[in-house]
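Please open the structure in your viewer, with the sequence panel beside it, and keep a selection tool at hand. This tour proceeds by selecting one thing after another and reading what is there.

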Amino acid sequence: MAPDADAGKTSPQRSDPFAPLTSELLPVGDNHEIYVESVGRADGIPAVYLHGGPGSGCQPDHRRLFDPERFRAILFDQRGAGRSRPKASRENNTLAHLIADMEKIREHFGIARWIIVGGSWGATLALAYAQAHAERVSGIVLRATFLGTRQELNGAFVDVLSRFYPDLNEDFIKLLPPEDRDQPLDAYWRRILDPDPNIHAAAARGWHDTERILSEHAPSRVRLDLLSAKPSRALPATPFMEAHYFQHDCFLKPDQLLTEAGKLAGIRGLIVQGRYDLLCPPATAHALNAVWPGSEIRFVEGAGHSLYDPGVKDAVIKAIVDLASGITA
């Protein structure tokens with residue numbers, strides 16, 4: 001996907017209020033250029049949206065989380081994701097790099113402080129950025145809190161998968177050689193990052209499809225197509241970036257986002273949590289809330305992980321509006 005044809009230009013009169021005010025490729029160093037766009041009002045309340053994955057990229061619908069008459073929202077594709085270049089590059093791509101990129105984006109737009117909005121991996125990055133640059137954060141809205149730990153990944157892809165979807169778990173394990181099945185997560189990440197398409201294709205598609213099923217409260221299918229992962233087929237991008245980050249414990253110290261939650265003191269946070277989220281369960285949000293005095297959990301009953309499960313998107317929009325109630329542009 002190429003940047004918009006009018007990248008870098010301002011559109012004072014727009015028939016679509018959610019169309020970008022600006023869009024551009026911003027050089028951030030290390031041979032990376034970040035696709036970044038601004039939406040809403042040029043003089044609106046500053047906010048930044050952090051997409052999930054890692055590696056998924058922002059989508060046009062994410063702009064609609066922000067009232068265009070009230071906010072100046074910045075959306076960007078993280079290194080190696082979406083429209084950023086080089087596409088899918090994992091070189092010089094760590095959590096510290098993403099935090100530094102956010103600072104360059106903030107300075108580029110002349111923003112002193114902004115609301116941070118992020119879900120799943122976007123919540124991880126939001127917390128890590130806020131702990132590094134608390135003085136630049138006016139508030140945080142999280143959805144589906146992920147703290148970037150191996151314990152959470154084991155909980156989702158080993159414990160939850162086998163208990164709630166035993167047939168899917170069998171499919172997931174069958175894609176690995178018998179000698180690798182005792183440590184499936186390490187085996188998947190190793191195979192996904194293998195340069196040989198005959199090795200990484202099946203693993204990447206199996207990981208992606210399993211994660212998608214776990215992310216939906218009512219998925220349309222609950223088994224893997226074990227014959228679909230041929231090397232000739234186009235592969236999803238996120239498994240490769242996820243394997244890179246997860247192999248490195250998301251470039252975090254053990255339990256860093258909980259043990260350093262004291263750095264969030266004075267920052268108000270609203271945590272939107274699907275009651276039946278199998279990837280990022282309520283216990284994680286509860287643990288964060290317990291060490292972050294300025295936070296509040298808002299449960300969405302009958303919903304899982306996805307932004308598009310019933311009630312989740314509306315809850316995020318309301319949380320953004322509520323958080324902004326005491327903030328001026």
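Begin by selecting valine 312 together with the residues that it touches, which, when those up to four places away in sequence are not counted, are Arg143, Val272, Val300, Ala303, Ser306 and Leu307. The model on your screen is a predicted one, and every value in this tour is computed from it. Valine 312 belongs to helix α10, which covers residues 312–324. Is valine 312 buried or exposed? Its relative accessible area is 2%, and because buried means under 20% relative accessible area, valine 312 counts as buried. If you now draw a distance between the C-alpha atoms of valine 312 and arginine 143, you should read 8.4 Å, although these two residues are 169 residues apart along the chain.

**Stepping back to the whole chain**

Clear the selection and show the protein chain as a cartoon, in which you can look for 10 helices and eight strands. The radius of gyration is 19 Å, close to the 20 Å that the globule rule gives for 329 residues, so the chain is as compact as a globular protein of that length. Along the principal axes, the C-alpha atoms fill a box of roughly 60 × 45 × 35 Å. If you colour by burial, buried residues make up 57% of the 329 residues. Among contacts with a separation of 6 or more, 71% are between residues 24 or more positions apart. Switching to a surface view, you are looking at an accessible surface of about 14,100 Å², of which 51% belongs to carbon and sulfur atoms.

**Two helices with covered residues**

Next, select helix α5, residues 184–192, which is mostly covered, since seven of its nine residues are buried. To see which ones they are, highlight Pro184, Leu185, Ala187, Tyr188, Trp189, Arg191 and Ile192. Around these buried residues, display α3, α4 (166–174), α6 and α7, against which they pack.

From there, move to helix α6 and pick out threonine 210, which lies in it. Threonine 210 is buried, with a relative accessible area of 0%. Which residues is threonine 210 in contact with, leaving aside its neighbours within four places in sequence? They are Phe157, Leu161, Leu168, Phe172 and Leu224.

**The largest pocket**

Keep helix α6 visible, and turn to the largest pocket, where about 880 Å³ of space lies. Its lining consists of 32 residues, and those that lie nearest its centre are Gly52, Gly53, Ser56, Ser215 and His305. Several elements can be coloured here, for β5 (114–120), α3 (150–164), α6 (197–215) and α7 (238–247) each supply at least two residues of the lining. Colouring the lining by class instead, you should find 12 nonpolar, 14 polar and six charged residues.

**The second largest pocket**

The second largest pocket holds about 280 Å³ of space. Select Thr149, Gln151, Glu152, Pro281 and Thr284, which of its 17 lining residues lie nearest its centre. Helix α3 appears again, as α3 and α9 (282–291) each supply at least two residues of this lining, and the largest share, seven residues, comes from α3. By class, the lining divides into nine nonpolar, four polar and four charged residues.

**Backbone details**

For the last part of the tour, show the backbone atoms, bearing in mind that most residues other than glycine have a negative phi, and most peptide bonds are trans. Glycine 53, which you met among the residues nearest the centre of the largest pocket, is joined to proline 54 by a cis peptide bond with omega of about 5°. Proline 54 itself lies in the loop between β3 (45–50) and β4 (71–76). A cis bond also runs from arginine 85 to proline 86, where omega is near -5°, and proline 86 is found in the loop between β4 and α1 (95–108).

Then select serine 120 in strand β5, which has a positive phi of about 60° although it is not a glycine. At 13% relative accessibility, serine 120 counts as buried. Finish at alanine 144 in strand β6, residues 137–145. Alanine 144 has a phi near 55°, a positive value in a residue other than glycine, and it is buried, with a relative accessible area of 2%.

Key:
Residues are numbered from 1 along each chain as its sequence is written. This is a predicted model: local features need pLDDT of at least 70, side-chain atom pairs count only at pLDDT 80 or more; totals for chains, interfaces and linings use all residues. Side-chain values use heavy atoms; hydrogens and water are left out. On a 1 Å grid over the protein atoms alone, a cavity is a set of points where a 1.4 Å probe fits but cannot get out, and a pocket is an open set with protein on both sides within 12 Å along at least five of seven lines; lining residues have an atom within 4 Å of a point. Grid points are joined across faces, edges and corners, and a volume is the space filled by probe spheres set on the points. Helices (H or I, at least four residues) and strands (E, at least two) are DSSP runs, numbered from the N terminus. Ala, Val, Leu, Ile, Met, Phe, Trp, Tyr, Cys and Pro count as nonpolar, Asp, Glu, Lys and Arg as charged, and the others, Gly among them, as polar. The radius of gyration is taken over C-alpha atoms; the globule rule is 2.2 Å times the number of residues to the power 0.38. Buried means under 20% relative accessible area, exposed over 50%, partly exposed in between (1.4 Å probe, protein chains only). Contact means heavy atoms within 4.5 Å. Accessible areas come from the Shrake-Rupley method with a 1.4 Å probe; for residues, only the protein chains shown count as cover.
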